[in-house]
Structure formats: structure tokens, C-alpha cells
Amino acid sequence: MAKKRPQTKAERPQIADGEIPVVGAREPCPCGSGRRYKACHGRAAAHAVTELVHRPFEGLPHECDWVALRELVPAATVELPLKGGLPEGVPSVTLATVLPMAWPALRRDDGSVLLGLQNDTASGDISRDLADTLQQALAAAPGTPVQGRRAPAGGPRLQDLLDPEGAFEPVVHPGFEFWVPDAENATAEVTASLERANAAAIPTVKLTGVDAAYWCETPEKNHLRWVMPHPEEQLLDALARLHAAGASSLGEGTRLVGSFRAHGLTVPVWDLPSGVGAEDVEKPAAEFAERLAAALATDAPLTPDERRARGGLTNRQVTLS
């Protein structure tokens, strides 16, 4: 029998990881490994897309307000400054809590862009998904809503597109009339969506004396929900010190009832009597901020009373995201 000739494998070109294109999951990986893309470089790409980013707004100015607008505030808008300025034909870019029909974004007839914040996102990185939607909106034809999609794993994030030196000044609205610059010519679908949204909106006011604190009104009682930037364990210790000392309230009839986590930050919540409005808690909130700063600066071990207070706050803590 003739001897089999030894087979020689052709040398495959070496491709750097950053140069490997995206192909179908079952296609051969372009790196030349001989494996399917999903089992080779596609695995890392899929992981990058689905991995949860716990603080998606970290590094953006006013991170606490980003979290509040995402989770707490029904109707609000913010003008967004872009790095390098606005593209030609785009007079403004505005972040909105919600858009009609839950559109991820909208390019209006005048070329301006509205970017929705409270939409479901396709990946674990809200910032990357929003940045991808924003880029689509900037390139869309005027008068066009933009649909969401799964952002490329290596695509930019909001931190890459927004001017870090620009102002971030949320404007809280009583309803969603900002959706419709010309209400008389709105479609029946948009008008119906507007009516439903207005009926469901909880009255909300942003406090002016402290950062990222939002008063809201409900039928039974009012609340103050305050997004704070401090590390969670340090903040819970400080709140426990104040709670044990009887200094955690915002005045007569008010009570710190617990907190929740949202996008990597902690949000303490106070119950307020139904007659207490936003203007009534401006001064008490500013005074509480001073007491909290002093408590945060304390590194002494917690006393037994403070540990019990901390346990109560921790047991009432929930995670929204």
C-alpha cells in the first residue's frame, strides 16, 4: 500500500482581535481557528453585550439625576450638549423620560432630536444602548421615530458622546405636553398616548436646595426620594447614626422609611404627610444634608442602637436595577 502523504495545513493569516469582523453565529470564525464564530470570538462579543453594567451613568455629570430621571420622574426633559457641538441640521438634542408610543428616540420635523430614557434596553449597558439610539437619531430623516436595537459591543457610550463640561439641568413637567409642539396637528395615536400618559403621571417636583431629591404626591401620602452618590455601606452607616439619634426625619410627621438601590446608587425614601408639599421640605432637606455630611465624616464603630437602626434600614432595602 502506498504511504499516505502527511497533510500540511496552510498557514492562516493572523488577525488581531480588534480587526475580527462580526459574522453569523454558525459561520466559521474569521480569525481562522476553524471553530464557529459563536464558540470563538463571538463568545466574548456576546458576553460584552449582555454583561450588566451596574453603574451605567457613572462618569456623567449629575449621575444622581440621570438615575432619578430613569427610575423616579414621570415627565422631565434635559438639553444634552454633545462633544464637538451639534451636527448641522440638528438644532437641539433633548433627553426625555418617556416618548410617545415608547419610542426610543425621535427626529422631529425641524431636525431636533428627542432621546427617551425609560425604555427597555437590549443589552446590560444602558449607556451604550442609549448612545447607539442617539447616533441613529442624529442620522435619521426629520420626522422619523427611531427604533431600538442591540448596540454593537464596541460602540460608544453616552460618556463618549456627551460634553462632560456641559450643563445638565432637568426640567420636571406636570405632564407630557412637550411631546407635541403642535397639538392641533397631532395624530390620533399620539393624542391618545398623551392622554394615557398624563393620566398615569404622579405629580413630581425637583427640590432646588439639594441635589437629586424629588418630591412626589400620591393619594395616601407624599414622599421624598433622594438619589445619593455616597458608597452604599458608608451611607447606610451614616443614616443609621442619624436614625438612632432621632435626627433622620425631615420634620414633624415625616419618617425615613428605607431605601432602594438603582443603577449602583442608593436612594433613601421619606414618607411625608399629604399636606407637606415640595416647598415645605426644602429647608428641612438642606438641614438634613448638613447632618448627613457630619455623619458621613464619622468613622467610629456603630453603637448597638445604631446597628439595630442599620439592620432595620437594610431589611427594608430593595433593588430596582
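## A walk from R107 to helix α8

Start by selecting R107: leaving out residues up to four places away in sequence, R107 touches G89, V90, S112, V113, A137, L138, A139, A140, A141, P142, G143 and T144 (contact means heavy atoms within 4.5 Å). Before you go on, note that this is a predicted model, where local features need pLDDT of at least 70, side-chain atom pairs count only at pLDDT 80 or more, and totals for chains, interfaces and linings use all residues. Residues are numbered from 1 along each chain as its sequence is written, and side-chain values use heavy atoms, with hydrogens and water left out.

R107 sits in strand β3, residues 105-107 (helices, H or I of at least four residues, and strands, E of at least two, are DSSP runs numbered from the N terminus). R107 is buried, at a relative accessible area of 7% (buried is under 20%, exposed over 50%, partly exposed in between, with a 1.4 Å probe and protein chains only). Now show its side chain: it reaches the backbone oxygen of G111 at 2.5 Å, and that of A140 at 2.5 Å. For a C-alpha distance, pick R107 and A139: 8.8 Å in space, 32 residues in sequence.

Next, select S127 in helix α3, residues 126-139. How buried is S127? Its relative accessible area is 0%. Add Q159 to the selection, and you'll find a polar contact of 2.6 Å joining the two side chains of S127 and Q159 (that is a pair of N or O atoms within 3.5 Å; within protein, one must be able to donate a hydrogen and the other to accept it, and residues adjacent in sequence count only if both atoms are side-chain atoms).

Now bring up α6 (232-244) and α7 (282-296). The two helices pack at about 115 degrees, axes 9 Å apart (axes are lines fitted to C-alpha atoms, for helices over the stretch in contact, and angles run from 0 to 180 degrees between N-to-C directions). To see the interface, colour Q234, L235, A238, L239, R241 and L242 in α6, which meet F288, R291, L292, A295 and L296 in α7.

Last stop: helix α8, residues 304-315. Select E306, A309, R310, G312 and L313, which are buried. They cover an arc of only 160 degrees around the axis, so they fall on the same side of α8 (the arc is that of the directions from the helix axis to the C-beta atoms). These buried residues pack against α6 and β10 (255-262). Flip to the other side of α8 and you'll find R308 and N315 exposed.

Technical notes. Expected span 1.5 Å × (residues − 1).
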